[in-house]
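Got your viewer open? Let's walk through this model together, one selection at a time.

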Amino acid sequence: MKKLTNEERFSLIKRNTEEIIGEEELKNLLKENKKLTAYIGTATTGKPHIGYFLWALKVADLIKSGFHVKILLADLHAALDNVGWHVLEHRYDYYKKVIPELIKAIGVDINELEIIRGSGFQLKPEYVYDVLRMSTFVSVHDAKKAASDVVKMGDNPKLSGLIYPLMQAVDEQHLKVDAQLGGTDQRKIMVLARENLPKIGYNSRIEIMTPLIPGLVGDKMSASIEESKIDILDNSETVKKKINKAYCMEGDPNNGIMAFLRYVIMVIKQDKKEKFIVKRDKKFGGDISYNDYKEIEKDFINRKLHPQDLKNAVAEEIIKLLNKIDRKKLEKLAEKAYKEF
């Protein structure tokens, strides 16, 4: 594999992102030609779904561009977001197995991947001290605002939801990273981190944000809303049923099917130099193949590509992805992690 120029590395990092806070800082870091480190945190809450493939592909881009990537399995953050303390261990066990499986399914070089457990360093005195120090600079209003898109606040918010963003900010320092990766729902916490880390003597970090994939129904694909997502453990029949029920209005590309196609399927296809094939009966024009997402969107908007044909093709691609994951060994862990107590 040929060595990428700094411009190529930056372009790879930026593709399919919604925003990068600190672009010039990133360009300067790339010029230094030193080993860079990024992290993405995922609270061990609901079952991981296919929306995770979007950020997994960004992890792949970061690794290809020369980063070492840490994946934080944030078990204490899960507890702060209302996951029962009695199931934290089982949730962590599940995520510890499913996240690497999901990432390997898209062909990521896991030699530059590191899995870290939140409670493994977040209970150390120096970390707790920094969280307390930051709490003296962040107002209740700002903490609540930062947490609002991530934590389930409810009508009577718990104190834990206000601690959550402070810990995520301090994570950047104690994980010793140059950048954080997350979805746009993390933006307020990332801004809080950039504004407040310098107040306790640390550098602000680069914040890289991906778009959010809309749910099959509703606003976004959510681990807590079953009908909005396809679970990593869903079998082929379930995948087909959920895709068939998904919102996908003819001529309107603003839906979860098209977004997953754009940010996941077509990224994988283009990196592998493969075409996306839609199988159709000859009386409807026969099979059609696409090289990039824009071609698909154009045909869909012009109603040359029927939603049902598109759904069938997308379902097949999702099934292929999930079949690369050893789901049998995950099922028992999931049963323990998500059984009713």
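Before we click on anything, one rule: rings of Phe, Tyr and Trp (its six-membered ring) pair if their centres lie within 6.5 Å, and planes over 60 degrees apart count as edge-to-face. By this rule the count comes to four aromatic pairs. Keep in mind that you are looking at a predicted model.

**Stop 1: some tyrosines**

Select Y94 and Y95. Their rings make an edge-to-face pair, with 6.4 Å from centre to centre and 85° between the planes. Both Y94 and Y95 are buried.

Now add Y338. The ring centres of Y94 and Y338 are 5.9 Å apart and the planes sit at 85°, so this pair is edge-to-face. Here the pair ties together distant parts of the chain: Y94 belongs to helix α5 (residues 88-105) and Y338 to helix α14 (residues 328-338), 244 residues apart. Y338 is buried, just as Y94 is. Put Y94, Y95 and Y338 on screen together and you have one aromatic cluster.

**Stop 2: strand β3 and its neighbours**

Next, select β3 (67-74). How many of its residues are buried? Eight of its eight, so to speak: the strand is mostly covered. Show the side chains and check which way they point. F67, V69, I71 and L73 go one way, H68, K70, L72 and A74 go the other way, and all are buried. In a regular strand the side chains alternate between the two faces of the sheet.

Add β2 (36-43). Eight bridges join β2 to β3, and the two run parallel. To find one of the matching spots, click A43: its bridge partner in β3 is A74. Then trace the chain from β2 through helix α3 (residues 52-64) to β3, a β-α-β crossover that is right-handed.

β3 also pairs with strand β4 (residues 113-117), through five bridges and again running parallel. Click V69 and look across to L113 in β4, which stands opposite.

**Stop 3: strand β6**

Move on to β6 (206-210). Five of its five residues are buried, making β6 mostly covered. I206, I208 and T210 point one way, while E207 and M209 point the other way.

Which way does β6 run relative to the strands beside it, parallel or antiparallel? With β1 the answer is antiparallel, and three bridges join the two. Select I20 and you will find I208 of β6 opposite. With strand β5 (residues 179-183) the answer is parallel, and five bridges join them. Here G182 stands opposite M209 of β6. Show helix α9 (residues 187-196) as well: β5, α9 and β6 make a right-handed β-α-β unit.

**Stop 4: two helices with a buried face**

Select helix α2 (residues 23-31) and colour L26, L29 and L30, its buried residues. Now look down the axis of α2: the buried residues fall within an arc of 100°, so they line one face of the helix. The face turned away from that buried side carries the exposed residues E24 and K31. What do the buried residues of α2 pack against? Show α1 (6-14), β1 (19-21), β2, β3 and β6 to see the partners. After α2 comes N33, whose phi is positive, near 55°.

Helix α6 (residues 125-135) is worth a similar look. Its buried residues include Y127, D130, V131 and M134. Seen down the axis of α6, the buried residues fall within an arc of 100°, so they line one face of this helix. Turn to the other side and you find P125, Y129 and L132, which are exposed. The buried residues of α6 pack against α8 (159-174) and α9.

**Stop 5: the nonpolar cores**

Finish inside. The largest nonpolar core has 79 residues, and F53, L261, F276 and L310 touch the most other members. Helix α11 (residues 256-271) supplies the largest share of this core, eleven residues. Another core lies apart from it, with 36 residues, among them A43, L80, V151 and V177.

For a last selection, pick L261 and show what surrounds it. Leaving out residues up to four places away in sequence, L261 touches M266, F276, Y293, I296, L310 and V314.

Key. Residues are numbered from 1 along each chain as its sequence is written. This is a predicted model: local features need pLDDT of at least 70, side-chain atom pairs count only at pLDDT 80 or more; totals for chains, interfaces and linings use all residues. Side-chain values use heavy atoms; hydrogens and water are left out. A nonpolar core is a set of buried Ala, Val, Leu, Ile, Met, Phe, Trp, Tyr and Cys residues joined through side-chain atoms within 4.5 Å. Buried means under 20% relative accessible area, exposed over 50%, partly exposed in between (1.4 Å probe, protein chains only). Helices (H or I, at least four residues) and strands (E, at least two) are DSSP runs, numbered from the N terminus. Contact means heavy atoms within 4.5 Å. The arc is that of the directions from the helix axis to the C-beta atoms. Two strands pair if DSSP finds at least two bridges between them. A crossover is right-handed if, with the strands pointing away from the viewer, the path from the first strand over the helix to the second runs clockwise. Rings of Phe, Tyr and Trp (its six-membered ring) pair if their centres lie within 6.5 Å; planes under 30 degrees apart count as stacked, over 60 as edge-to-face and the rest as tilted.
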